[in-house]
Amino acid sequence: MNLSQYNTLRLPARADRVIQIDSVNQLSEITAALGQTPRCILGAGSNVVLHAPLAATVLLARIMGRSIAEDGCLTAGAGEDWHTLVMWSLEQGYAGLENLALIPGTVGAAPVQNIGAYGVELSDRIKAVTAWDFKNKKLIRLNASDCGFSYRQSIFRDPATQGPWDQPRYLITEIELQLRPLANAQVEINYADLKSAFAHRAKPPSAQEVADAVIAIRRRKLPDPKEIGNVGSFFKNPMVSQLQAKHLSLLHPDLPQYPAQASHHEQCKISAAWLIERCGFKGARRGDVGVHEGHALVLVNHGGGTGREILALAHEIQQAVVAKFGIFLEPEPIFLPQR
Ligand code: EPU
């Protein structure tokens, strides 16, 4: 089975077979049938790099359903499309997800890497995650505080808790988010791009206006995976110590640095895109893969690229950034199979 339709980089990897999961009722039977044979989980494939054949059964998480209670508690099935959910929550009269508009992928994938954009992370809004536990063969509900969320990280992608790539422990089936009625919502517009979008306004924008601005910014900067294969940011923004950040800003005064999160106050996040652009990679092309001309953090497949070519380019970028700045760029997507 060719997986090129199941990953947004449109890489042509093969898998032994694919099983679609539409209901939690299938999980017990599938677990028994699979036994200890290799399996791996895919949502929309918008954060994976398939670089070799997958000797495994691919489980496509497609459990649907969404509802919202009057107090703003939104429940959504793992197979729902993330962006559709964001727009639907606003239509229902609830705010909180507007900064996360237009992020590609499914609801079930959102907690795995704790998606984040424009000053908001999923972990700021999530209440609980329900997952099938392959080890104990039952559904479990984890409170947000038990999910180990940090910058682009959670227990669902940490091998210490999730296990090896071909024996993942948890398959997310549903998430619960805590939103606010539009009438008493406070919007988050401190991120530079949003601040400048609303600089001329005396009154704060509505949540819908924030979503519209985020959509416009993303359309301007980031390639649409429907048009050109990509997985969004290919590297995380590296965290450095405050001391190293000072050292870097003396050498490179225009290197963007971001305020540290409360949980990492001794660290500072710096712009990976800037580092990559300064190494001359923006718009670079190696055969059919390359670096997007509009954003240096996004690797693209121009059509016939392979996962190996993507990894070779990523490696070339990492080497150049280490050589020039002494900083290691950690990839953001998950490489399958894992090496
Ligand atoms: N920049 C460059 N060159 C570029 C692009 C950006 O120098 O080609 C510099 C600019 O100074 C710009 C700064 O980098 O002001 C930040 O760029 P941007 O606002 O696009 O954000 P980012 O740090 O590159 C992160 C997330 C994105 C998220 C945006 C907005 C990571 C790895 N990426 O990118 O998330 O949309 O912030 O919040 O944290 C994703 O994870 O797939 C993703 C797209």
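In this predicted model, helix α2 is followed by Gly 93, a residue whose phi is positive, near 95°. The helix that precedes this glycine spans residues 82-91 and is mostly covered, with eight of its 10 residues buried. The buried positions in α2 are Trp 82, His 83, Leu 85, Val 86, Met 87, Trp 88, Ser 89 and Leu 90. Their cover includes the strands β5 (66-68), β6 (73-77), β7 (94-95) and β12 (170-178), together with the helix α5.

The domain assignment divides the protein into domain 1 (4-61), domain 2 (66-183) and domain 3 (229-336). Between domain 1 and domain 2 the contact takes 20 residues from the former and 19 residues from the latter, and the C-alpha centres of these two domains lie 19 Å apart.

Where does the ligand lie with respect to domain 2 and domain 3? Both domain 2 (66-183) and domain 3 (229-336) give residues to the shell around the ligand, so the ligand lies between them. Of the 24 residues around the ligand, those that come nearest are Tyr 118, Tyr 151, Tyr 191, Glu 277 and Glu 332. By character, the residues of the shell divide into 11 nonpolar, five polar and eight charged. In terms of secondary structure, α5 (207-221), β14 (229-233) and α7 (272-278) each supply at least two residues of the shell, and the largest share, three residues, comes from α7.

The table sets out polar side-chain atoms of the protein beside atoms of the ligand.

| Residue (side-chain N or O atom) | Ligand atom | Distance |
|---|---|---|
| Arg 152 | oxygen | 2.8 Å |
| Ser 271 | oxygen | 3.0 Å |
| Glu 277 | nitrogen | 2.6 Å |

On its own the ligand has 820 Å² of accessible area, of which the protein covers 83%.

Arg 152, whose side chain places a polar atom 2.8 Å from a ligand oxygen, is situated in the loop between β11 (138-143) and α3 (159-162). Is this arginine buried or exposed? Its relative accessibility is 12%, and because the cut-off for a buried residue is under 20%, Arg 152 counts as buried. A polar atom of the Arg 152 side chain also lies 3.0 Å from the backbone oxygen of Gly 116. When neighbours within four places in sequence are left aside, Arg 152 is in contact with Gln 113, Asn 114, Ile 115, Gly 116, Arg 157, Lys 236 and Glu 332. Of these contacts, Glu 332 is also one of the residues that come nearest to the ligand.

Pro 256 is found in another loop, the one between α6 (242-251) and β16 (257-258). With a relative accessible area of 30%, Pro 256 is partly exposed, a class that lies between the limits of 20% and 50%. Not counting residues up to four places away in sequence, Pro 256 touches Lys 269, Ile 270, Ser 271 and Trp 274; Ser 271 has an N or O atom in its side chain 3.0 Å from an oxygen atom of the ligand. Pro 256 and Ile 103 are 153 residues apart along the chain, and their C-alpha atoms are separated by 23 Å.

Technical notes:
Residues are numbered from 1 along each chain as its sequence is written. This is a predicted model: local features need pLDDT of at least 70, side-chain atom pairs count only at pLDDT 80 or more; totals for chains, interfaces and linings use all residues. Side-chain values use heavy atoms; hydrogens and water are left out. A residue is near a molecule or strand if one of its heavy atoms lies within 4 Å of it. A polar contact is a pair of N or O atoms within 3.5 Å; within protein, one must be able to donate a hydrogen and the other to accept it, and residues adjacent in sequence count only if both atoms are side-chain atoms. Accessible areas come from the Shrake-Rupley method with a 1.4 Å probe; for residues, only the protein chains shown count as cover. Helices (H or I, at least four residues) and strands (E, at least two) are DSSP runs, numbered from the N terminus. Ala, Val, Leu, Ile, Met, Phe, Trp, Tyr, Cys and Pro count as nonpolar, Asp, Glu, Lys and Arg as charged, and the others, Gly among them, as polar. Domain bounds come from an automatic or database domain assignment. Buried means under 20% relative accessible area, exposed over 50%, partly exposed in between (1.4 Å probe, protein chains only). Contact means heavy atoms within 4.5 Å.
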